[in-house]
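I wanted to go through the charged side-chain pairs in this one and jot down how open each partner is. Here is the structure I was working from.

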Amino acid sequence: MFFSVVIPTYNRKPILEKCLRALETQQLRENSPVEGYEIVVVDDGSEDGTWEWLGANLGDFPHVVRFARNHQGAAAARNFGVEQAKGEMIIFIDSDLVVTEGFLAAHGAALQRGEREQGNDRIFTYGAVINTCNFEHPTAEPYKITDFSAAYFATGNVAIAKKWLLQAGLFDTSFQQYGWEDLELGVRLKKLGLKLIKCPQAVGYHWHPPFSLQQIPKLIDQEIQRGRMGVVFYQKHPTWEVRMMIQMTWIHKLLWGILSLGGRLNERTLAPLLQWLINQGKPQLALEIARVFLNWYNVQGVYAAYAQSHIGLSE
């Protein structure tokens with residue numbers, strides 16, 4: 001099989017360089033099912049010099065083919081990347097993911113094994129994603145319980161045949177804000193009968209800067225956006241399963257309402273504790289505590305967006 005690794009990127013030049021260098025060091029043994037690969041980088045309107053840097057350093061990245069587009073969001077960028085891809089197999093990763101040298105071989109072996117065991121090719125593989133804030137040595141991060149994901153289809157680290165993406169209809173570009181475009185495509189792939197094959201050997205290290213109080217306004221905005229896009233998701237697939245996914249249930253409203261004391265535990269009241277934890281060298285713990293009020297903002301956002309959508313329909 002020939003892989004096309006599709007990577008949309010937007011203003012992530014420093015970590016993108018690490019991402020691409022890791023992909024260029026892939027070890028493909030003679031008996032590997034992976035015959036070759038390309039790296040399809042779609043610059044989604046970056047303003048940090050990403051396009052110019054790639055052009056000046058293409059000699060360091062022989063597998064890279066690059067494309068530039070106006071900023072239209074990850075869904076549109078991924079669709080474009082798939083359309084340009086030469087491979088029959090697509091791997092999606094984000095541009096802030098650093099992989100190990102056996103990454104492609106692991107996906108290839110898992111796909112081959114899964115197809116043999118299933119007796120058909122209605123499968124895709126999902127690799128492990130380990131979150132890290134270690135920029136210098138991202139692959140040194142150990143697996144943590146918070147790295148567990150129960151998602152069926154997420155674009156952080158997934159390999160799938162191009163034909164299934166085309167048959168499902170690719171990503172819905174109406175998801176123009178943060179969240180859900182990959183899981184929504186997953187619902188359509190599940191209807192096609194595709195089975196998820198876990199592939200923990202295909203490890204990707206998802207880098208993000210250490211948590212700080214300065215990030216909180218952006219994180220709150222993302223949760224509100226995620227609430228809006230969650231409603232778009234639910235309108236396309238009005239099921240209880242989707243309601244659970246987007247946290248639009250009385251269970252989530254009650255849970256995060258209780259944990260946040262009705263919103264009283266928020267970015268202002270918890271700021272001293274969060275800053276103390278950060279000063280103690282525990283930014284990840286601070287972020288996990290912050291998720292209490294971030295989830296409360298998400299629940300509030302999804303219900304507000306749902307109410308607004310019904311007002312719009314009545315008008």
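My notes on the salt bridges follow.

Entry 1. Reminder to self: this is a predicted model. I ran the search over the whole structure and got 15 salt bridges. I picked a few of them to look up.

Entry 2. I started with Arg-21, which pairs with Glu-17; their closest N and O atoms sit 3.0 Å apart. I checked where the two fall, and both are in helix H1, residues 13-23. The spacing is four residues, about one turn of the helix. Are these two buried or exposed? Neither label fits: Arg-21 counts as partly exposed because its relative accessibility is 35%, and Glu-17 is also partly exposed because its value is 27%.

Entry 3. Next I looked up Lys-144. Its salt-bridge partner is Asp-147, again with 3.0 Å between the closest N and O atoms. I looked at accessibility here as well, and both Lys-144 and Asp-147 come out buried.

Entry 4. Then I took Glu-267 and Arg-268, whose side chains form a salt bridge at 3.3 Å, N to O. Which of the two is buried, and which is exposed? Glu-267 has 17% relative accessibility, so I put it down as buried, the cut-off being under 20%. Arg-268 reaches 58%, so it goes down as exposed, the cut-off there being over 50%.

Entry 5. After that pair I looked for bridges with partners in common. Asp-172, Glu-184, Arg-188 and Lys-236 are linked into one network by salt bridges that share partners.

Terms used. Residues are numbered from 1 along each chain as its sequence is written. This is a predicted model: local features need pLDDT of at least 70, side-chain atom pairs count only at pLDDT 80 or more; totals for chains, interfaces and linings use all residues. Side-chain values use heavy atoms; hydrogens and water are left out. A salt bridge is a side-chain nitrogen of Lys or Arg within 4 Å of a carboxyl oxygen of Asp or Glu. Buried means under 20% relative accessible area, exposed over 50%, partly exposed in between (1.4 Å probe, protein chains only).
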